[in-house]
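Hi there,

Here is the structure I promised to pass on. Have a look at it first, and then read on for what turned up.

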Amino acid sequence: MACDFCGSESIKQIYKLKDYQFKIPGEFNLVKCNGCNLLYLYPQPNWEILKVHYPTNYDAYQLKPKSAFTIWNHYGLYRRCSIISKYKKGGMLLDVGCATGSFLTTMKNCGEWKLYGVEKSEYAVNLARKKDGINIYQGEIIDAKFPDNYFDVITWWDVLEHVPNPSASLYETYRILKPGGWVFIQTPDPDSWEAHIFGKYWRGFEAPRHLHLFPRPLLIKRLTDFGFNVKFVRSFAGNLSIIFTSLSYFLDSVGYDKLSKGIKSFTNSYFFYILGFPFSLLLRTANLSSSVLYVAQKSSTKYFL
Ligand SMILES: [Zn+2]
């Protein structure tokens, strides 16, 4: 299997990972491409294997997130809408990996948009289709066959790392964006200090759901190669829960189950979010959080690949 970004077959073993979140059996090799530094699971698990690791209690499928997380979640959705408004106030918008459509629904109150979503999970699609005013295609972006130059904005919120074909998906994103259109990509940075400190327990590795991980300089280069002008790259969600969840995965693996459970329930408490908010803000402002947002614009003139 060759690297999806550069085609090299030369790899270096990094970690053997497990599904620390749902504790479903299985071990997954994380490797790094010697050609371009892309990180990916090798071999890549297919959808038959993967779908078991997307149970109905997967975070992104929850219509009403639990307890204090609800407020945090609304805040996150509000921030996504807010940053888009800085670049574009309305038009055609596609959310790739829209899950149950929470972000699309929030965008209804954030300008004049015609809203589209693409989602692979049948369970999530059925929930999203119950919501008014959003058009959902079940499958991957490359199968949806949208026309050329169709969307003003395409969003990838914590999704690019989940697809088996990021290169083809980014190319498709470029093709269906209008000239001058915007892409917003939020994805974890495997070169962040959080990733280095927690190693294989870092929440951002999230095996086997995260099939590829993109160091910042690599994703900037790839977007530029496709003809995007990369305008903004920064930590976006300074999320303290990434740190605490990574810690709970580590504690679980060394047998401190009770302590790990305690940390997990603490991260769902109001107290945690109130206490953690200034620290999260600091991580984000200092550009130190592992969750990174890339904003890029399709060239307004035709770009030849
Ligand atoms: Zn490569």
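**What I found**

Apart from residues up to four places away in sequence, Gly180 touches Gln297, Lys298 and Ser300, where contact means that two C-beta atoms, placed from the backbone, lie within 7 Å. Before going further, please note that this is a predicted model, in which local features need pLDDT of at least 70 and side-chain atom pairs count only at pLDDT 80 or more, while totals for chains, interfaces and linings use all residues. Residues are numbered from 1 along each chain as its sequence is written.

Back to Gly180, which sits in strand S8. Helices (H or I, at least four residues) and strands (E, at least two) are DSSP runs, numbered from the N terminus. Gly180 counts as partly exposed because it has 14 C-beta neighbours inside 10 Å; buried requires 20 or more other C-beta atoms within 10 Å, exposed is 12 or fewer, and partly exposed is in between, with C-beta atoms placed from the backbone. Asn149 is 31 residues from Gly180 in sequence, and their C-alpha atoms are 9.6 Å apart.

**Overall picture**

The protein has 11 helices and 11 strands. Its radius of gyration (over C-alpha atoms) is 19 Å, which agrees with the value near 19 Å for a compact globule of 305 residues; that rule is 2.2 Å times the number of residues to the power 0.38. Along the principal axes, the C-alpha atoms fill a box of roughly 55 × 45 × 40 Å. Of the 305 residues, 41% are buried. Among contacts with a separation of 6 or more, 72% are between residues 24 or more positions apart.

**The sheet of 7 strands**

S8 belongs to an open sheet of 7 strands with mixed pairing, in the order S6-S5-S4-S7-S8-S11-S10. (Two strands pair if DSSP finds at least two bridges between them.) The edges are strand S6 (134-138) and strand S10 (228-235), each with a single partner strand, so one side of each has no neighbour in the sheet. From one strand to the next, the twist averages 15°; axes here are lines fitted to C-alpha atoms, for helices over the stretch in contact, and angles run from 0 to 180 degrees between N-to-C directions.

Strand S8 (residues 177-188) runs antiparallel to strand S11 (residues 291-298), with 7 bridges joining them. Pro188 has Ser291 as its bridge partner in S11.

On the other side of the order, strand S4 (residues 90-96) and strand S5 (residues 112-119) run parallel and are joined by 7 bridges. Val96 is partnered by Val118 in S5. The connection from S4 to S5 passes through helix H3 (residues 102-107), and this β-α-β crossover is right-handed: with the strands pointing away from the viewer, the path from the first strand over the helix to the second runs clockwise. S4 also pairs with S7, in the parallel sense over 3 bridges, and Asp95 has Thr155 as its bridge partner in S7.

Two helices are worth a look here. Helix H6 (residues 166-176) lies across strand S7 (151-157), S8, S10 and S11, at about 150° to S8. Helix H8 (residues 216-226) lies across S10 and S11, at about 160° to S10.

**The core**

Which residues have the most contacts inside the largest nonpolar core? They are Leu93 and Val183, in a core of 66 residues. Such a core is a set of buried Ala, Val, Leu, Ile, Met, Phe, Trp, Tyr and Cys residues joined through C-beta atoms within 7 Å. Neighbours within four places in sequence aside, the contacts of Leu93 include Met107, Trp113 and Phe151.

**The other sheet, and some backbone details**

An open sheet of 4 strands follows the order S1-S2-S3-S9, with antiparallel pairing. Strand S2 (residues 28-33) and strand S3 (residues 39-41) share 3 bridges, and Leu30 has Leu41 as its bridge partner in S3. In the loop between S2 and S3 you will find Asn37, a residue other than glycine with a positive phi, near 80°.

There are also cis peptide bonds to check in your viewer:

- Tyr42 to Pro43, with omega near -5°
- Ala207 to Pro208, with omega about -5°

Happy browsing!
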